[in-house]
Amino acid sequence: MTKKRFGISIPDNLYDYLNKLSEQLEINRSDLVEQAVKTFINDYKHYLIPHTCTGIMIVSCKDEKAVKEIIDKFQDIAKTYIHTHENNTCIELMFVSGPSEKIALLQKSLQKDGKCNPRYVPIIGLNESKSSESR
């Protein structure tokens, strides 16, 4: 596989963390950044290609009422969720499954205004879901 080279600018502290993590994991910075980009794109493929998503969404939020209202609007895809509190932060762990467009909308709704910090982690990758749908 061919590779493309490009430059990026990152804050000093992020650069320092990248170097330290590279040393700790015994992996060069380029490979570490490549792994990070692959993970990020895999986590956000539901924004790019319409498909059925299945995964876990982890949400931390200071406004419990706001997150509850948003989740209630997405009950059709938020199949199960666990709610807890830690250090004055509301934490939701949701099993979500449904159309990728709807999961992207849930994630955007939670991120809106910076009130919540959602992270979607796919359980079934895009290629896996396409192969199971064709069966």
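Serine 97 touches Cys53, Thr54, Asp76, Ile77, Lys79 and Ile103, leaving aside residues up to four places away in sequence. The model in which these contacts appear is a predicted one. Serine 97 belongs to strand E3. Its relative accessibility is 19%, and because buried means under 20% relative accessible area, serine 97 counts as buried. One of the residues it touches, cysteine 53, also offers a polar partner: the backbone oxygen of cysteine 53 lies 3.5 Å from a polar atom of the serine 97 side chain.

From this residue the view can be widened to the whole chain. The protein has 5 helices and 4 strands, and read along the sequence they follow the pattern α-α-β-α-β-β-α-β-α. The C-alpha trace spans about 45 × 45 × 25 Å along its principal axes. Of the 135 residues in the protein, 30% are buried. The accessible surface comes to about 9,700 Å², and carbon and sulfur atoms account for 54% of that surface. Among contacts between residues at least 6 apart in sequence, 65% join residues at least 24 apart.

Strand E3, the home of serine 97, has a neighbour in strand E2. How do strand E2 and strand E3 run, and how many bridges join them? Strand E2 (residues 78-86) and strand E3 (residues 89-99) run antiparallel and are joined by 8 bridges. The hairpin they form has 2 residues between the strands, and in this hairpin asparagine 87 takes a positive phi near 50 degrees.

Histidine 83 offers a second place to examine the hairpin. Histidine 83 is found in strand E2, and its bridge partner in E3 is glutamate 92. The contacts of histidine 83 are with Glu64, Cys90, Ile91 and Glu92, again not counting residues up to four places away in sequence. With glutamate 64 there is a polar contact of 3.3 Å between the two side chains. A further polar contact, of 3.0 Å, links the side chain of histidine 83 to the side chain of histidine 85. Histidine 83 and methionine 94 are 11 residues apart along the chain, and their C-alpha atoms are separated by 8.7 Å. Is histidine 83 buried, exposed or partly exposed? Its relative accessible area is 33%, so histidine 83 is partly exposed.

The next topic is charge. Side chains of opposite charge can pair when their charged atoms come close. In this protein the count comes to 6 salt bridges. One of them joins aspartate 43 to arginine 119, with the closest N and O atoms 2.6 Å apart. This pair links distant parts of the chain, since aspartate 43 lies in helix H2 and arginine 119 in strand E4 (residues 116-122), 76 residues apart. Aspartate 43 has a relative accessible area of 6% and is therefore buried, whereas arginine 119, at 43% relative accessibility, counts as partly exposed.

Another salt bridge is formed by aspartate 76 and lysine 102, whose closest N and O atoms are 2.8 Å apart. Here too the pair links distant parts of the chain: aspartate 76 is in the loop between helix H3 (64-73) and E2, while lysine 102 is in helix H4 (residues 100-111), 26 residues apart. Aspartate 76 is partly exposed, with a relative accessible area of 42%, and lysine 102 is partly exposed, with a relative accessible area of 27%. Aspartate 76 is also one of the residues that serine 97 touches.

A further salt bridge joins glutamate 34 to lysine 3, the closest N and O atoms being 2.9 Å apart. Glutamate 34 is in helix H2 and lysine 3 is in the segment before helix H1 (12-25), so that distant parts of the chain, 31 residues apart, are linked. Glutamate 34 counts as partly exposed at 24% relative accessibility, and lysine 3 is exposed, with a relative accessible area of 57%.

Finally, the surface also has a nonpolar region. Which residues make the nonpolar surface patch? Val33, Val37, Phe40, Ile41, Leu48 and Ile49 make this patch, which covers about 520 Å². One of these residues, phenylalanine 40, lies in helix H2 (residues 29-44). Helix H2 also holds aspartate 43, the salt-bridge partner of arginine 119 in strand E4.

Definitions and conventions. Residues are numbered from 1 along each chain as its sequence is written. This is a predicted model: local features need pLDDT of at least 70, side-chain atom pairs count only at pLDDT 80 or more; totals for chains, interfaces and linings use all residues. Side-chain values use heavy atoms; hydrogens and water are left out. Patches are made of residues with over 30% relative accessible area and no salt bridge: like charges are joined within 9 Å, nonpolar side chains (Val, Leu, Ile, Met, Phe, Trp, Tyr) within 5 Å. Accessible areas come from the Shrake-Rupley method with a 1.4 Å probe; for residues, only the protein chains shown count as cover. A salt bridge is a side-chain nitrogen of Lys or Arg within 4 Å of a carboxyl oxygen of Asp or Glu. Two strands pair if DSSP finds at least two bridges between them. Buried means under 20% relative accessible area, exposed over 50%, partly exposed in between (1.4 Å probe, protein chains only). A polar contact is a pair of N or O atoms within 3.5 Å; within protein, one must be able to donate a hydrogen and the other to accept it, and residues adjacent in sequence count only if both atoms are side-chain atoms. Contact means heavy atoms within 4.5 Å.
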